[in-house]
Structure formats: C-alpha cells, structure tokens
Amino acid sequence: MSDLIERGATAPLDVSADWSELRDWVALLKPRVMTLVVFTGLVGMLVAPGRIHPFLGAVAILCIALGAGAAGCINMWYDRDIDAVMRRTLRRPIPAGRIAPEAALAFGVFLSALSVMLMGLATNPVAGAWLAGSILFYVFVYTMWLKRRTPQNIVIGGAAGAFPPVIGWAAVTGGVDALPLILFAIVFVWTPPHFWSLSLWAHDDYQRAGVPMLPVVSGARETRRQIMLYTLILAPLGLLPTLLGLAGWVYGAVALSLGAGFLLHAWRVLREKQDAAGVSLEGDKAARAAFRFSLLHLAGLFGALALDHWLRLAGVIS
Ligand code: HEM
Ligand SMILES: CC(C)=CCC/C(C)=C/CC/C(C)=C/COP(=O)(O)OP(=O)(O)O
C-alpha cells in the first residue's frame with residue numbers, strides 16, 4: 001500500500017502526455033485543411049433539393065470529415081519519406097517518430113472503411129460510393145501515382161478535393177445534378193492556383209524532396225502564368241450557377257467580387273518584382289497573399305451559395 005502511495009506521489013498521472021498523443025492522432029487527419037473540405041460538402045448538402053433528417057445529415061458530414069481525414073492519414077503514411085525532408089512537414093507525427101508508420105496506416109484504413117460504411121448506411125449507397133471513390137482517388141491516383149511523377153499531379157489529383165460537394169448532394173438526393181457538377185468544377189479549377197501560390201514559396205522544400213511540383217519543373221515564371229490562366233477560367237466558372245438560374249443574384253454578386261479579387265491577386269503574382277527566372281525579389285509577398293485569398297475565396301463562394309439558397313427558400317430574393 002505504502003508502495004502504491006509512494007509511486008502515486010512520485011509518478012503522478014501525466015495528463016499532458018495523453019493530450020499530446022491525442023493531438024498527434026488528430027494531426028494525422030490534416031484537420032485544418034479538412035475544415036474547408038467539409039464545409040464544401042456541407043454546402044453541397046444544404047443546397048440539394050429534398051430532405052434529410054438532421055441527425056443523418058450530421059452523420060453524413062462526420063463521414064466526409066472522417067473519410068477525408070483518413071485519406072490524409074494514408075497520404076502521410078505513404079509520404080513519410082518526403083515529409084521528413086521538407087521543412088513544412090518534418091514535425092508531423094510520423095517523420096518526427098511519435099507515431100509508427102504501420103499504426104498510422106491501420107488508423108487511416110480503419111477510418112476509411114468506417115466512414116464509407118457509415119455513409120452508406122446513414123444515407124444511401126451512392127453517397128457511400130462517391131466517398132469511397134474520393135478516398136481511393138486521393139490515395140492511389142494523387143498520392144501514390146501522380147504526386148511524384150508529374151507537375152500535373154495537383155491538376156488531375158486535385159479532383160479528389162472537388163468531390164465533397166457532390167458527396168453532400170448525393171447524401172440528400174441519392175444522385176447527381178448540374179449544380180453539384182458545377183461545384184465540382186469550381187473546386188477543381190480553384191485547386192491549381194491555391195496550391196501553386198503556396199508552392200512558389202515552398203519551392204525549396206519540394207526541390208529537396210524531389211517532388212516535381214510546377215515551380216521545380218517549369219520554373220517560377222511559368223507557375224505565375226499558370227496561376228493566372230486557371231484564375232481566368234475560375235472567375236466566369238464561379239458565375240455559372242447564377243447564369244444558369246441555379247443560384248440567385250446574392251450568390252452572383254459575391255462570386256463576381258471574389259472572382260475579381262482572385263484575378264487581382266493572380267495579376268500581382270504575375271507582376272511581382274522578380275529575377276530573370278521569375279523568382280520573387282519581395283519574399284513571395286504576392287504569392288502568400290494569393291494563397292490566403294484562395295481560402296477566403298472558396299469559403300466565401302460556398303458560404304454565399306448557402307445564404308443565397310436560404311434567402312430564396314424564404315422568399316426574400318427570387
Ligand atoms: C490536391 C489538391 C491540394 C493540394 C496539393 C493542397 C495543398 C495544400 C498545402 C500544401 C497546404 C499547406 C498547409 C499544410 O501544410 O497543411 C494547404 C493548405 C490548405 N488547403 Fe489545400 N491543397 C489541395 C486542395 C485543397 C482543397 C480541395 C481544399 C478545400 C476545399 C483545401 C484547403 C486548404 C486549407 C483550408 C488550407 C489551410 C490550412 C491551414 O490553415 O493550415 N486544399 N493546401
Ligand atoms: C472526401 C475526400 C477523400 C476528400 C479529400 C480531400 C482532399 C484531397 C484534400 C486535398 C487537400 C490536401 C491536404 C492536399 C495536400 O496534398 P499533399 O499530400 O501533397 O500535401 P502535404 O505535402 O501537405 O502532405
């Protein structure tokens with residue numbers, strides 16, 4: 001007894017160690033990135049015609065979060081070698097040695113299967129199949145196939161991140177339609193300028209890791225041009241829901257402003273003071289601002305779509 005008291009006194013329960021371990025498992029799910037992914041899925045659900053029981057709707061959102069996170073976890077397992085040499089990622093739980101690779105893989109596979117099954121049971125098999133397809137696409141097409149082979153990795157692989165609005169819509173309706181397909185196209189075209197802005201200043205990391213991101217393969221100047229090109233496509237694409245009568249003028253006005261804002265940022269990235277190779281002489285100020293704006297742009301666009309939908313339902317606007 002006195003021995004137990006003795007041990008209790010000298011080795012009190014270390015709660016902070018438990019919390020930091022839990023934090024590591026959560027970090028495997030890339031929670032910050034996934035918040036926006038989940039938001040696009042939620043909006044896909046909210047604007048879909050038909051009804052879903054609020055509890056089942058919440059389960060569907062949880063499934064998108066778990067599935068997307070699980071895909072991110074498997075991505076971290078597979079990419080542990082390159083994550084260990086990139087400054088941005090070397091403190092992640094696997095390269096830092098805090099979680100064993102096999103444990104992370106098992107966690108990712110378990111959560112993937114759980115999220116797909118739960119989605120199928122709580123909503124319908126179509127939504128379950130879309131979720132399964134997104135996870136498989138992100139893991140096999142983007143992570144294991146394209147990421148290390150071609151600078152078009154995020155153009156094609158980025159499709160994985162564009163599925164959530166389609167999944168959300170399917171959870172309610174059991175099918176797809178023009179609006180979720182347009183939302184898919186918006187996120188698909190948004191992804192290259194989102195990521196390439198970041199890759200302009202994370203260029204050294206990718207070069208060291210041997211990942212063929214666009215600035216590494218084709219240079220900063222070409223990357224600036226490509227950001228402009230995709231933003232030029234994105235701005236009118238964002239207006240399509242209103243132009244086709246699938247959303248009202250509130251969404252249209254926000255889409256117009258955000259599209260113009262993103263174009264302005266892309267223009268600044270293109271015209272930033274740079275050397276002959278296109279490398280910034282201003283610490284990639286414009287690219288950092290464009291990356292931040294990309295997050296605001298997508299969140300604003302989807303937020304406006306949900307708002308517009310409610311205003312029209314309530315008869316406030318037509
Ligand atoms: C293949 C496509 C994509 C690639 C390669 C990509 C890459 C990245 C990278 C490298 C970061 C840096 C932050 C970090 O280390 O976690 C980032 C941040 C972020 N991405 Fe993406 N992204 C992609 C698609 C998306 C999509 C589809 C969304 C949402 C719909 C998204 C939302 C975000 C958000 C919210 C952040 C900021 C996270 C933070 O605050 O730390 N990304 N992205
Ligand atoms: C439903 C479902 C499966 C959704 C998937 C959502 C998805 C594909 C999001 C992409 C976001 C992301 C963090 C990409 C990072 O790529 P990376 O691995 O090259 O970045 P890293 O260097 O930060 O690991």
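**Group meeting: a walk through an all-helix model**

Let's start with one residue, F291. F291 has 22 other C-beta atoms within 10 Å, so it is buried. You'll find F291 in helix 15. Which residues does F291 touch, once we leave aside its neighbours within four places in sequence? Those contacts are H194, S197 and L198. There's also H265, 26 residues away along the chain, whose C-alpha atom is separated from that of F291 by 9.0 Å.

Before I go on, please keep in mind that this is a predicted model.

Okay, let's zoom out. How many helices and strands does the protein have? There are 15 helices and 0 strands. Along the principal axes, the C-alpha trace spans about 75 × 55 × 35 Å. For 318 residues, a compact globule would have a radius of gyration near 20 Å, and the protein comes in at 22 Å, which agrees. On burial, 45% of the 318 residues count as buried. And if you take the contacts with a separation of 6 or more, 73% of them are between residues 24 or more positions apart.

Now, H265, the residue I mentioned a moment ago, sits among the buried residues of helix 14. So let's look at that helix. Helix 14 covers residues 249–271, which is 23 residues. From first C-alpha to last, helix 14 reaches 32 Å, close to the 33 Å expected at 1.5 Å a residue. Its buried residues include Y251, V254, L258, F262 and V269 as well. What covers those buried residues? Helix 11, helix 13 (214–243) and helix 15 are included in the cover.

Just past helix 14, have a look at D284, in the loop between helix 14 and helix 15. D284 has a positive phi of about 55°, although it is not a glycine. Is D284 buried or exposed? With 22 C-beta neighbours inside 10 Å, D284 counts as buried.

K30 is another one to look at. Its phi is near 45°, again a positive value in a residue other than glycine. K30 lies in the loop between helix 2 (15–27) and helix 3. Here the neighbour count is 18 C-beta atoms inside 10 Å, and 20 or more would be needed for buried, so K30 counts as partly exposed.

On to the domains. The assignment gives domain 1 as 20–176 and domain 2 as 177–318. Their centres, taken over C-alpha atoms, are separated by 21 Å. Where they meet, 29 residues of domain 1 are in contact with 28 residues of domain 2. On the domain 1 side, helix 3, helix 8, helix 9 and helix 10 (164–173) each supply at least two residues. Which of them gives the largest share of that side? Helix 3 does, with 6 residues. By class, the domain 1 side divides into 18 nonpolar, 6 polar and 5 charged residues.

That brings us to the ligands, and I'll take ligand 1 to begin with. There are 19 residues around ligand 1, and R32, V33, L36, G158 and G161 come nearest. The elements giving two or more residues to that shell are helix 3, helix 8 (153–157), helix 11 (178–201) and helix 15 (285–313). Why does ligand 1 lie between the two domains? Domain 1 and domain 2 both give residues to the shell around ligand 1, so ligand 1 lies between them. The shell has 10 nonpolar, 6 polar and 3 charged residues.

Then there's ligand 2, with 20 residues around it. Here A68, A71, S134, A160 and G161 come nearest. Two or more residues each come from helix 3 (31–46), helix 4 (54–78), helix 7 (125–146) and helix 9 (159–162). Helix 4 gives the largest share, 6 residues. In this shell the split is 11 nonpolar, 6 polar and 3 charged. If you want a residue that links the two ligands, try G161: G161 is listed among the nearest for ligand 1 and among the nearest for ligand 2.

One last stop, in helix 7, which is where P125 is found. P125 has 13 C-beta neighbours inside 10 Å, so P125 counts as partly exposed. Its C-alpha atom is separated by 8.8 Å from that of A171, 46 residues apart along the chain.

That's the tour. Any questions, just ask.

Technical notes. Residues numbered from 1 in each chain as written. Chains lettered and ligands numbered in written order. Predicted model: local features only at pLDDT ≥ 70, side-chain atom pairs only at ≥ 80, totals over all residues. Near = placed C-beta within 6 Å. Helix = DSSP H or I, 4+ residues; strand = E, 2+ residues; numbered from the N terminus. Nonpolar A, V, L, I, M, F, W, Y, C, P; charged D, E, K, R; others polar. Domains from an automatic or database assignment. Rg over C-alpha atoms; globule rule 2.2 N^0.38 Å. Buried ≥ 20, exposed ≤ 12 C-beta atoms within 10 Å, placed from the backbone. Contact = placed C-beta atoms within 7 Å. Expected span 1.5 Å × (residues − 1).
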